[in-house]
Amino acid sequence: MVRSMPTDRIRDHAGQGAATTVAAHRARRRLRADRARQLADLLRRQLLAAAFPDGTLPHESTLATDYGVSRNTVREALDLLRAEGLVERQPGVGTVVVAHKYPHGLDCLMGLAETLREHGRVTNEVRTMGPAPAPAPVAERLHLPPGTDVLYIERLRRLGGLPLSLDLTYVPLDIGTELLGADLENTDVFRLLEAVTGQRLGHAEITLEAVSADTHSAAVLEAPRGAAVLMLERLTHLADGRPVDLEFIRFRGDRITMSGLLHRNR
């Protein structure tokens, strides 16, 4: 005699089967998303290294074979790069590179024009410049008494005409006064500081983090409001150790990449 399974047990068994199927589907999607992210990282590195001289990426099927992934994974990876503004899909052509990031080294103390001299001319739009009372954190970093006047400079920096960074700079006024008549539009502050003080710059303390562009920064940098920007805080010292330049630099994250050579202390 064949026993019939109670209706509620049948429902429970069916529900468990459906739940298992949904869980397996979600797991596959997570795995594909992980692989797409990994592939996007590899392709991004190649884009930045100009590994595609003609500006066109290999066909999706070629990428799938080369990296041992599915074409759906390749498409998701390309979608990630497209969302970053690095590539676009062109009918009849394929996926092409539409933007480049410029390398900014973190292992040598140089101004932006010095850093990017191989990639074009950096120009500066001086938006604000003049003496101003130093906010308490600025005075502390520059080893000045609270409320001491400093030279405040706000510059929009462009490479090849494209907005690249918004720099807010604080310089002690005994040095900054000498910068008031200088050619800040075409000269890095670093070079001017060395000329004014007669000393070489010595070292800098830096902090790098990602922040969301506020309304003002986004408008000046011509970036979407809320877009991620790289915030570099840099306190630069003269060779004798005196702090002379505190900067808060907002870089467009879609146009700059930070790199450096690090050695492990033993």
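Two strands count as a pair if DSSP finds at least two bridges between them. Keep that in mind for these exercises, which work through a predicted model.

**Exercise 1.** Work out how strands β8 and β9 pair, and in which sense.

*Solution.* Start with the stretches: β8 covers residues 228-238 and β9 covers residues 243-252. Next, count bridges: there are nine, and the sense is antiparallel. Now pick out individual partners. M231 is bridged to R250 in β9, and L235 has L246 in β9 as its bridge partner. Finally, look at the link: β8 and β9 make a hairpin with four residues between them, and G241 in the turn shows a positive phi of about 100°.

**Exercise 2.** Find what β8 does on its β7 side, and say whether β8 is mostly covered or not.

*Solution.* β7 and β8 are joined by 11 bridges, again in the antiparallel sense. One pair to look up is V211, which sits opposite V229 in β8. For burial, use the cut-off of under 20% relative accessible area. On that basis nine of the 11 residues of β8 are buried, so the strand is mostly covered.

**Exercise 3.** Lay out the whole sheet and explain which strands stand at its edges.

*Solution.* Write down the order first: β4-β5-β6-β9-β8-β7, six strands in an open sheet with antiparallel pairing. Then check the ends. β4 (122-133) and β7 (201-212) each have a single partner strand, so each has one side with no neighbour in the sheet. As for twist, neighbouring strands are turned by 15° against each other on average, ignoring direction. Last, add the helix: α7 (residues 189-197) packs on this sheet and touches β5 (149-159), β6 (162-172), β7, β8 and β9. The direction of α7 makes about 170° with that of β9.

**Exercise 4.** Describe how helices α2 and α3 pack, and classify their angle.

*Solution.* Grab the geometry: α2 (residues 60-67) and α3 (residues 71-83) pack at about 110°, with axes 9 Å apart. Angles of 65 to 115 degrees count as roughly perpendicular, so α2 and α3 are roughly perpendicular to each other. Now see who's touching: from α2 come E60, S61, L63 and A64, and they meet R71, V74, R75 and L78 of α3. Sorted by class, this contact has four nonpolar, three charged and one polar residue.

Conventions. Residues are numbered from 1 along each chain as its sequence is written. This is a predicted model: local features need pLDDT of at least 70, side-chain atom pairs count only at pLDDT 80 or more; totals for chains, interfaces and linings use all residues. Side-chain values use heavy atoms; hydrogens and water are left out. Axes are lines fitted to C-alpha atoms, for helices over the stretch in contact, and angles run from 0 to 180 degrees between N-to-C directions. Helices (H or I, at least four residues) and strands (E, at least two) are DSSP runs, numbered from the N terminus. Angles under 35 degrees count as roughly parallel, over 145 as roughly antiparallel, 65 to 115 as roughly perpendicular and the rest as oblique. Contact means heavy atoms within 4.5 Å. Ala, Val, Leu, Ile, Met, Phe, Trp, Tyr, Cys and Pro count as nonpolar, Asp, Glu, Lys and Arg as charged, and the others, Gly among them, as polar. Buried means under 20% relative accessible area, exposed over 50%, partly exposed in between (1.4 Å probe, protein chains only).
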